[in-house]
Structures are given as C-alpha cells and as structure tokens.
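Take a walk through this protein model with me. Keep the sequence and the 3D view open side by side.

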Amino acid sequence: MSDAAVRTLVKVREHAEAEGGFNLKAAFAKFDVDGDGSISHEELTTVLLSIVPDLAYDQILAVISMFDPNHDGDIAYVEFAHTFYNAEVNDNTLKARKAMVRIRKMASSKRGFHLREAFQRFDKDGDGSVSHDELKVVINDILQGDISEEEMVAVIELFDPDNDGDIKYAEFRDLFYSISVDQEKERDVCDHRGKDIDDDYIEISLIPHLMRDEYSHLLLSNNNISDAGAEEIAMALEGDKAHVSVIDLRNNKIGVKG
C-alpha cells in the first residue's frame, strides 16, 4: 500500500467525517449501476471528487492503483471500505510497537517460554546478536507466522535503526519487556439488543467501527434488521476482518424495512 494512496484516503475520510452523517456505501452505490458491488476507475474518481473536489490527478491515480493493480477496471466496495476505514499515515514505529504487543502476548501464552532461549537458538557464534533473517525466524516462531511482511520490516527497523545487520539480545530484551501490553488499542462493546436497527445506523456508525477494529464484542441479538443491513454486517465480519472476540447475532428478524 503506497504512502501516497494512504495519505489520500486519510484526507478523503477526514473530509467525509467532518461533514457528519457520511454514508460511504451510499456514495459508492450511486455509481454501481449493475449492483454487483464494484465500480470502474472513472466511477471511483467521481466518488472521491464528490467528497474532496480538489484532489489532484496523481492522488486519485495512487488510490486506483492500490485497489486495481492489474488495471482490469473493477474496484470492489468491500475491499475499498475496509481500507478506507483503516488507512493510517505510515508510522513504522507505531506499527512495530503494535506488533511487539502481539509478540509479547503470544509469548506470555506459551508455557515455559524463555526469550533468551528463543534468541540463542539462532545466535550461532554466541556473541549475543542475531541477523535480520534470524530475528525474523524468532518472531515467526513466537507468532506462528501470523505477521505481515510490513509489520516484520517495522519491527526490524525498531531494533536495528542503523540497519547494520546486527541485533543484540540485550537491546532486544530491554525493548521487548519495556512495551506494555496495555498499549494495545482499547476496544468497546457494541450492545444493541432487542431494538430496530435501521440501515443508517449500520452504514454510518456500526460498519465504520467494525472496519476500524474498535469492537471487542458485537451483541446484536433479538433485533429487527433489513436484508441490506444484515448483508452489510455479514460482509464486514467476513474473513474475520473486524477481529471481534464475541459475536451474538441470535434471534434477529431479518427482512424488515431499514
């Protein structure tokens, strides 16, 4: 994901949210003529300019290239919305610290885990340091491979800012244990049970929160929800994109007018 594309998406999102009551799906759907959930490059350009009229051509092109790298002409709403609500200006230090929180938590859940032993397995000459590739193996071992290349690069940069190739165990240990797991983003409980849930609430409030991974619990039982609203919630939860720990969607009446 290019920095230019991310900066543009953040700018567009800030403009949209400043207006209040912004509905991304409605803005997208206006140009989705056949209702298949995707639009063309020209249509996405119109959507972006309808929100921020002074966007430059290269900014728009960066966004299009991000969502359609093969330039086949189709841009899917679901993928666009997820990135739209999650895009943040690149901050490798913050990214690395968030990854380190996950590493700390996973390591603490492993019975008998010893950081020094994990490190020393790859310190071949016993000098107390490992290479970038060796540290990657240590981290992948702790997280069982659940880390993106982007996060891994950020973590390596955090421990070796001079990029000299050597990462000392003592430095790694001190930073590893200095990062509090409390720095992980606090998430809210969405408790919306026994009510009518209209489409505006879903599109303007619920979906953005889900896309930003801001809910730990999603309690939506015994509600009246429209077909369209139920579909939007299902798409937001598809593939565990929202990472909600507890989901309760029991006994909802689907198909009521939103």
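Asp248 is buried, because its relative accessible area is 11% and the cut-off for buried is under 20%. Its salt-bridge partner is Arg250, with N and O 2.8 Å apart. Is Arg250 buried or exposed? Arg250 has a relative accessible area of 56%, so it counts as exposed. This salt bridge therefore joins a buried residue to an exposed one.

Keep in mind that this is a predicted model. The predictor's confidence, pLDDT, has a mean of 78 over the protein chain. A value of 70 or more is reached by 86% of the residues. Among the elements, strand 8 (residues 224-225) has the highest mean pLDDT, 88. Helix 10 (residues 169-178) has the lowest, 73.

Now step back to the whole chain. The protein chain has 258 residues, and 42% of them count as buried. The chain contains twelve helices and ten strands. Look at contacts between residues at least 6 apart in sequence: 77% of them join residues at least 24 apart. The chain exposes about 14000 Å², and 47% of that comes from carbon and sulfur atoms.

Next, the sheets. Strands 5, 7 and 9 form an open sheet in the order 5-7-9, with parallel pairing. Which strands stand at the edges? They are strand 5 (188-191) and strand 9 (246-248). Each has a single partner strand, so one side of each has no neighbour in the sheet. From one strand to the next, the twist averages 15 degrees. Strand 7 (residues 215-219) and strand 9 run parallel and are joined by three bridges. Find His217: it stands opposite Val246 in strand 9. Helix 11 (residues 199-211) packs on this sheet and touches strand 5 and strand 7. The direction of helix 11 makes about 140 degrees with that of strand 7.

There is another three-stranded sheet to find. Its order is 6-8-10, it is open, and its pairing is parallel. Strand 6 and strand 10 (253-254) are at the edges. Each of these two has a single partner strand, so one side of each is left without a neighbour in the sheet. Two bridges join strand 8 to strand 10, and these strands run parallel. Asn224 has Lys253 in strand 10 as its bridge partner.

Now turn to the loops. His192 lies in the loop between strand 5 and strand 6 (196-197). Is His192 buried or exposed? His192 counts as buried, because its relative accessibility is 12%. What does His192 touch, leaving aside its neighbours within four places in sequence? Its contacts are Ile197, Tyr201, Leu219, Leu220, Ser221 and Asn223.

Two other loops hold a backbone feature to look for. Most residues other than glycine have a negative phi. Asn222 is not a glycine, yet its phi is positive, about 60 degrees. Asn222 sits in the loop between strand 7 and strand 8. Its relative accessible area is 45%, so Asn222 is partly exposed. Asn251 also has a positive phi, near 55 degrees, and is a residue other than glycine. Asn251 belongs to the loop between strand 9 and strand 10. At 60% relative accessibility, Asn251 counts as exposed.

Finish with the charged pairs. How many salt bridges does the structure hold? There are six. One of them joins the side chains of Arg102 and Asp146, with N to O at 3.6 Å. This pair links distant parts of the chain, 44 residues apart. Arg102 is in helix 6 (residues 92-109). Asp146 is in the loop between helix 8 (132-143) and helix 9 (149-159). Arg102 is partly exposed, because its relative accessibility is 26%. Asp146 has 52%, so it counts as exposed. Together with Glu151, these two residues are linked in a network of salt bridges.

Another pair is Arg193 and Asp191. Their closest N and O atoms are 2.7 Å apart. Arg193 has a relative accessible area of 39%, so it is partly exposed. Asp191 is partly exposed too, at 41%.

Definitions and conventions: Residues are numbered from 1 along each chain as its sequence is written. This is a predicted model: local features need pLDDT of at least 70, side-chain atom pairs count only at pLDDT 80 or more; totals for chains, interfaces and linings use all residues. Side-chain values use heavy atoms; hydrogens and water are left out. A salt bridge is a side-chain nitrogen of Lys or Arg within 4 Å of a carboxyl oxygen of Asp or Glu. Helices (H or I, at least four residues) and strands (E, at least two) are DSSP runs, numbered from the N terminus. Buried means under 20% relative accessible area, exposed over 50%, partly exposed in between (1.4 Å probe, protein chains only). Two strands pair if DSSP finds at least two bridges between them. Axes are lines fitted to C-alpha atoms, for helices over the stretch in contact, and angles run from 0 to 180 degrees between N-to-C directions. Contact means heavy atoms within 4.5 Å. Accessible areas come from the Shrake-Rupley method with a 1.4 Å probe; for residues, only the protein chains shown count as cover. pLDDT is the predictor's confidence in each residue, from 0 to 100.
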